Amino acid sequence: MLLQPFCPCGSQIRYPDCCDVYLRGKALAPTAEALMRSRYSAYSKGDVEYLIQTQYPKKRKNTDRPMLLKTITNTNWMGLTVLKTQKGGVNDRRGIVEFVALYRGLELTDPIYQLHERSRFLKEDGVWFYQDGDSLPPIPLK
Ligand SMILES: [Zn+2]
């Protein structure tokens with residue numbers, strides 16, 4: 001595996017000081033955006049358990065684990081850009097994060113696709129969860 005000095009989430013912070021703290025359960029993501037970024041890192045690192053844990057319990061399905069495993073096995077995540085956040089701060093109970101994630105298959109020759117989503121997050125007993133999201137059409141990127 002390649003040595004990855006910076007966190008996959010694009011924060012420009014070294015991974016052990018960024019999303020790794022959340023993935024390892026050393027701290028709770030304080031904001032909706034932090035949770036969203038850590039979930040992207042979990043996809044990138046193949047951490048299925050974290051993805052399930054951070055999904056709102058009522059939204060979890062039995063099919064999540066095989067689906068996530070399949071996605072993780074077949075996807076090479078190429079980068080995350082957070083476009084917009086609404087609420088989702090330390091004092092909020094709900095938040096929305098709009099982002100673009102670039103990905104492709106495992107072959108270097110595979111085309112690059114864009115996942116553009118508006119995700120909803122909610123906080124219960126001080127813990128942020130991913131609720132659900134709307135897929136949006138791809139946008140031109142700088
Ligand atoms: Zn990170």
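Okay, let's start with one residue: K87 sits in strand β1. Quick word on terms: helices (H or I, at least four residues) and strands (E, at least two) are DSSP runs, numbered from the N terminus. Residue numbers start from 1 along each chain as its sequence is written. And please keep in mind that this is a predicted model: local features need pLDDT of at least 70, side-chain atom pairs count only at pLDDT 80 or more, and totals for chains, interfaces and linings use all residues.

So what is odd about K87? Its phi is near 50 degrees, a positive value in a residue other than glycine. In general, most residues other than glycine have a negative phi. K87 counts as partly exposed because it has 14 other C-beta atoms within 10 Å. The cut-offs there: buried is 20 or more other C-beta atoms within 10 Å of a residue's own, exposed is 12 or fewer, and partly exposed is in between, with C-beta atoms placed from the backbone.

Across from K87, in β2, stands G95. Further back in β1, L80 faces A101 of β2. The two strands, β1 (residues 76-87) and β2 (residues 94-104), run antiparallel and are joined by 10 bridges. For pairing, DSSP has to find at least two bridges between two strands. Their hairpin has six residues between the strands, and in it G88 takes a positive phi near 80 degrees.

There's another positive phi to show you. Q12 has one near 65 degrees, and it isn't a glycine either. Q12 lies in the segment before α1, and it counts as exposed, with 9 C-beta neighbours inside 10 Å.

Now zoom out. How many helices and strands does the chain have? Four helices and four strands. From the N terminus the order is α-α-α-α-β-β-β-β. The radius of gyration is 15 Å, close to the 14 Å that the globule rule gives for 142 residues, so the chain is as compact as a globular protein of that length. That radius is taken over C-alpha atoms, and the rule is 2.2 Å times the number of residues to the power 0.38. Of the 142 residues, 27% count as buried.

On to the sheet. The four strands make an open sheet in the order β1-β2-β3-β4, with antiparallel pairing. β1 and β4 are the edge strands, each pairing on one side only. Neighbouring strands are turned by 30 degrees against each other on average, direction ignored. Axes here are lines fitted to C-alpha atoms, for helices over the stretch in contact, and angles run from 0 to 180 degrees between N-to-C directions. Helix α2 lies across β1, β2, β3 (113-124) and β4, running at about 170 degrees to β1. Contact means C-beta atoms, placed from the backbone, within 7 Å.

Which residues touch the most other members of the largest nonpolar core? C19, L35, M36 and F121, out of 24 residues. A nonpolar core is a set of buried Ala, Val, Leu, Ile, Met, Phe, Trp, Tyr and Cys residues joined through C-beta atoms within 7 Å. The largest share of this core, seven residues, comes from α2. Leaving aside neighbours within four places in sequence, F121 has contacts including L35, M36, G88 and G95.

Last one: L28, in the loop between α1 (20-23) and α2 (32-45). L28 counts as partly exposed, with 15 C-beta neighbours inside 10 Å. Beyond its neighbours within four places in sequence, L28 is in contact with G126 and V127.

Note on methods. Contact = placed C-beta atoms within 7 Å.
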